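Reader: I would like a close look at a single part of this protein, the pocket that stands out by volume, and then at how its surroundings are put together. Please take me through it slowly and in connected prose.

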Amino acid sequence: MASRGGPMILGTDGADFEHRQRVAAHYQISALNKSRLKYCIFFHYLLFFVMLVKLSADILDKLDIFILEVEELQIPPPLWWEYFWCLSVFLSFIGLAAARGNRINDMKKYMVGISTVAFVPLLYCIFYYLNDVLEYLSLEEGTELDDTDIFVWQGYPYGLLWYGFVLMAFQVHFFSLFFAWNLIKAWRSRGALKKGQ
């Protein structure tokens, strides 16, 4: 070793750093995708709270609680898919635990759960509001929304609002699946390296 400005140890030219260990690629991939999956799950939580706000009027009605400000919003009653999609938030705990413990089987369960509990309700929403959205998109300029059969809430086409939510949710769930799959691949390659040694 050399001190700053002092003599260098005999027998080295300073290029002996190559023997030092480097972090294996699968560990780097794992760390990066764990971080990204956590961000996706965070955005999943944000979408869940948006949905919870939308469902708050129905939940308060079922609990027989009257809040004037919520009732004045005249939030439309929820459909079954909205509650079903909310169940997907519980899958995030499986995904986080799998990422923390590098557990392939739990990550597979997370991926299957997201594919069914999250994507299926969103696809139902797309088909349910498809006619309203297509009719809105094909409106001639100057046509009033009140003169059409399009369901309107607070002056906005309700189906188009749901399409905005679905677009964001699809992105979050798609990237969650992508990062989960990358984690599984990285963990499998780590296992293959251990077996080879």
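Author: By class, the lining of the largest pocket is made up of 16 nonpolar residues and one charged residue, with no polar residues among them. The model is a predicted one, and in it this pocket encloses about 320 Å³ of space. Of the 17 residues that line the pocket, those closest to its centre are Val-50, Lys-54, Leu-161, Trp-162 and Phe-165. Two elements, helix 1 (25-62) and helix 7 (158-196), give two or more residues each to this lining, and helix 1 gives the most, with seven residues.

The second largest pocket can be set beside it, with a volume of about 150 Å³. The residues that line this second pocket are Pro-76, Pro-77, Leu-79, Tyr-128, Tyr-129, Asn-131, Asp-132, Phe-151 and Tyr-158, and by class they divide into seven nonpolar, one polar and one charged.

From the pockets one can turn to the packing. The largest nonpolar core has 38 residues, of which Trp-85 and Met-107 touch the most other members. Helix 1, helix 3 (80-86), helix 4 (88-101), helix 5 (104-128) and helix 7 each supply at least two residues of this core, and helix 7 gives the most, with 13 residues. If residues up to four places away in sequence are not counted, Trp-85 touches His-44, Leu-47, Phe-48, Met-51, Val-117, Ala-118, Pro-121, Leu-122, Phe-165 and His-173. One name in that list, Phe-165, links the two descriptions, since Phe-165 is also among the residues closest to the centre of the largest pocket.

His-173, another contact of Trp-85, leads on to Ser-115, a residue found in helix 5. The C-alpha atoms of Ser-115 and His-173 are separated by 8.2 Å, although the two residues are 58 residues apart along the chain. Leaving aside neighbours within four places in sequence, Ser-115 is in contact with Val-120 and Leu-177. With a relative accessibility of 33%, Ser-115 counts as partly exposed, because that class covers the values between under 20%, which is buried, and over 50%, which is exposed.

The charged side chains complete the picture, with a count of four salt bridges. One of them belongs to helix 1, the element that gives the most to the lining of the largest pocket: there the side chains of Lys-62 and Asp-58 meet at 3.4 Å, N to O. These two residues lie four places apart in helix 1, about one turn of the helix, but their surroundings are not alike, because Lys-62 counts as exposed at 62% relative accessibility, whereas Asp-58 is buried, with a relative accessible area of 18%.

Asp-106 takes part in two further salt bridges, one with Arg-103 at 2.7 Å, N to O, and one with Lys-109 at 3.7 Å, N to O. Arg-103, Asp-106 and Lys-109 are in this way linked in a network of salt bridges. Lys-109 and Asp-106 both lie in helix 5, three residues apart, which is about one turn of the helix. Of the two basic partners, Arg-103 counts as partly exposed at 37% relative accessibility, while Lys-109, at 52%, counts as exposed.

How values were computed:
Residues are numbered from 1 along each chain as its sequence is written. This is a predicted model: local features need pLDDT of at least 70, side-chain atom pairs count only at pLDDT 80 or more; totals for chains, interfaces and linings use all residues. Side-chain values use heavy atoms; hydrogens and water are left out. On a 1 Å grid over the protein atoms alone, a cavity is a set of points where a 1.4 Å probe fits but cannot get out, and a pocket is an open set with protein on both sides within 12 Å along at least five of seven lines; lining residues have an atom within 4 Å of a point. Grid points are joined across faces, edges and corners, and a volume is the space filled by probe spheres set on the points. Ala, Val, Leu, Ile, Met, Phe, Trp, Tyr, Cys and Pro count as nonpolar, Asp, Glu, Lys and Arg as charged, and the others, Gly among them, as polar. A nonpolar core is a set of buried Ala, Val, Leu, Ile, Met, Phe, Trp, Tyr and Cys residues joined through side-chain atoms within 4.5 Å. Buried means under 20% relative accessible area, exposed over 50%, partly exposed in between (1.4 Å probe, protein chains only). Contact means heavy atoms within 4.5 Å.
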